[in-house]
Amino acid sequence: MKKNMGGVDRIVRFIVALVVITLFYFKVIEGTLAYVLLALSGIFVLTSLVSFCPLYTIFGLNTCKVKN
């Protein structure tokens, strides 16, 4: 897998995931919506850690500044 996510993109995804987890912890979001958002947060954290987003590949996007 070639990296296709830049640093800012990774940080934004990680922060969004932390916000969703915090909202779930304090019971601001509940039910099915909460579980869907938690699943998306898990995907966001995973893609942030590996610097690769499969959807970026499908749409031909690349926010990574380093050439592969």
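**Fold, surface and side-chain contacts of the predicted model**

Of the 68 residues of the protein chain, 25% count as buried. The coordinates analysed here are those of a predicted model. The secondary structure of the protein chain comprises 3 helices and 0 strands, and the pattern read along the sequence is accordingly given as α-α-α. The C-alpha trace of the protein chain spans about 45 × 20 × 15 Å along its principal axes.

The surface carries a nonpolar patch formed by Ile11, Ile15, Val19, Leu23, Tyr25, Phe26 and Val28, which together present about 740 Å² of accessible area. Within this patch, Val19 belongs to helix H1, which covers residues 7–25, and Val19 is partly exposed, its relative accessible area being 44%. Two aromatic members of the patch, Tyr25 and Phe26, are exposed, with relative accessible areas of 65% for Tyr25 and 58% for Phe26. Both values qualify as exposed because the class begins over 50%.

Aromatic contacts were examined next. A pair of aromatic rings is described by the distance of the centres and the angle of the planes. The count of aromatic pairs in the model comes to 2. One of them is formed by Tyr25 and Phe26, whose ring centres lie 5.1 Å apart and whose planes meet at 80°, an edge-to-face arrangement. The assignment as edge-to-face follows because an angle over 60 degrees between the planes is classed in this way. The rings of this pair thus belong to residues that also contribute to the nonpolar surface patch. A further contact to a ring involves a charged group: the charged end of Arg13 sits over the ring of Tyr56, at 5.3 Å from the ring centre.

With regard to the cysteines, a disulfide is a covalent bond between the sulfur atoms of two cysteines. The structure holds 0 disulfides. Cys53 takes part in no such bond, its nearest cysteine sulfur being that of Cys64 at 13 Å. Seen from the other residue, the cysteine sulfur closest to that of Cys64 is the one in Cys53, and the separation of 13 Å is too far for a bond. The pair is therefore not counted, because a disulfide requires sulfur atoms within 2.5 Å. Cys53 is buried, at 5% relative accessibility, and Cys64 likewise counts as buried, at 17% relative accessibility. Both cysteines fall in the buried class because their values lie under 20%.

Technical notes: Residues are numbered from 1 along each chain as its sequence is written. This is a predicted model: local features need pLDDT of at least 70, side-chain atom pairs count only at pLDDT 80 or more; totals for chains, interfaces and linings use all residues. Side-chain values use heavy atoms; hydrogens and water are left out. Rings of Phe, Tyr and Trp (its six-membered ring) pair if their centres lie within 6.5 Å; planes under 30 degrees apart count as stacked, over 60 as edge-to-face and the rest as tilted. Buried means under 20% relative accessible area, exposed over 50%, partly exposed in between (1.4 Å probe, protein chains only). A charge sits over a ring if NZ of Lys or CZ of Arg is within 6 Å of the ring centre and within 35 degrees of the ring normal. Patches are made of residues with over 30% relative accessible area and no salt bridge: like charges are joined within 9 Å, nonpolar side chains (Val, Leu, Ile, Met, Phe, Trp, Tyr) within 5 Å. Accessible areas come from the Shrake-Rupley method with a 1.4 Å probe; for residues, only the protein chains shown count as cover. A salt bridge is a side-chain nitrogen of Lys or Arg within 4 Å of a carboxyl oxygen of Asp or Glu. Helices (H or I, at least four residues) and strands (E, at least two) are DSSP runs, numbered from the N terminus.
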